[in-house]
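Work through the exercises below with the sequence and the model at hand. Try each task before reading its solution.

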Amino acid sequence: MDLLDRKFAVCFAHLDDDGSGAAERVDIDRIADRMLAAFPAAGQTEQAAYRDGLYRFWSAIVAECDADADGRVTRPEYIRGMRAVAADPSKIAAGFHAMGEATVRLLDVDGDGRIAPAEFAASVEVLGVRPDDAAETFALLDRDGDGHITVSELGTAIAEYYTSADPQAPGNYLFGRSFERVAA
Ligand SMILES: [Ca+2]
Ligand SMILES: [Ca+2]
Ligand SMILES: [Ca+2]
């Protein structure tokens, strides 16, 4: 598997939350429920915005990947569709941004509009980042090194994760080193 396929394998496993072999709306509900449960202090507006951002991201994926239009995205559909997105990231750029913005709003406990290291640490397990990868991931996603991850920095990392074939791209580490652990 090349780098893109390894990264897609990681996020397909995240998306197919119940392990049925296809990502479906019910999986997205489960992911949203678990993320929201991990941030009980988030306000209703932030919670609703997170759910909305996740659904917008999912809709963008379905539009590009669900070739037989049955509402389920199988692993082969996902890989084929996302490789096409990697070749033309503008296809779901709005989805990447919606996801980044929604995630920052949910994680931003102190309300300064950015993710601090402690806020990131609270999210790590739910996002699928191993605790031992967390500090490294944070440092790589904080491009300008100011100690915070902004909406723009997270959006860049998400877009890079899904579209970059560059082994040096910091966004590869969005979910820690999990892509390196995918069996070849
Ligand atoms: Ca399908
Ligand atoms: Ca914050
Ligand atoms: Ca920063």
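The exercises go from the whole chain to two helices and then to the core.

This is a predicted model, in which local features need pLDDT of at least 70, side-chain atom pairs count only at pLDDT 80 or more, and totals for chains, interfaces and linings use all residues. Residues are numbered from 1 along each chain as its sequence is written, and chains are lettered from A and ligands numbered from 1 in the order in which they are written.

**Exercise 1.** State the order of the elements and test the chain against the globule rule.

Step 1. The protein chain has eight helices and two strands, taken as DSSP runs (H or I, at least four residues, for helices; E, at least two, for strands) numbered from the N terminus. From the N terminus on, their order is α-β-α-α-β-α-α-α-α-α.

Step 2. For 184 residues, the radius of gyration of a compact globule would be near 16 Å, and the 15 Å of the protein chain agrees. The radius is taken over C-alpha atoms, and the rule is 2.2 Å times the number of residues to the power 0.38.

**Exercise 2.** Compare the span of H1 with its expected span, and list its buried residues.

Step 1. The expected span is 1.5 Å times one less than the number of residues. The 13 residues of H1 should therefore span 18 Å, and its end C-alpha atoms are 18 Å apart, which agrees.

Step 2. A residue is buried if 20 or more other C-beta atoms lie within 10 Å of its own, exposed if 12 or fewer, and partly exposed in between, with C-beta atoms placed from the backbone. In H1 the buried residues are Leu4, Lys7, Phe8, Val10, Cys11, Phe12 and Leu15.

Step 3. Their cover includes strand E1 (22–23), H2, H4 and H8.

**Exercise 3.** Which residues of H3 are buried, and what do they pack against?

Step 1. Glu46, Tyr50, Gly53, Leu54, Phe57, Trp58, Ile61, Glu64 and Cys65 are buried. They lie on the same side of H3 because they cover an arc of only 130° around the axis, an arc of the directions from the helix axis to the C-beta atoms.

Step 2. Gln44 and Thr45, on the other side of H3, are exposed.

Step 3. The buried residues of H3 pack against H2, strand E2 (73–74), H4 and H5.

**Exercise 4.** Which residues of the largest nonpolar core touch the most other members?

Step 1. Such a core is a set of buried Ala, Val, Leu, Ile, Met, Phe, Trp, Tyr and Cys residues joined through C-beta atoms within 7 Å.

Step 2. Among its 45 residues, they are Leu54, Tyr78, Met99, Ile158 and Tyr162. H5 supplies the largest share of this core, seven residues.

Terms used: Two residues are in contact if their C-beta atoms, placed from the backbone, lie within 7 Å.
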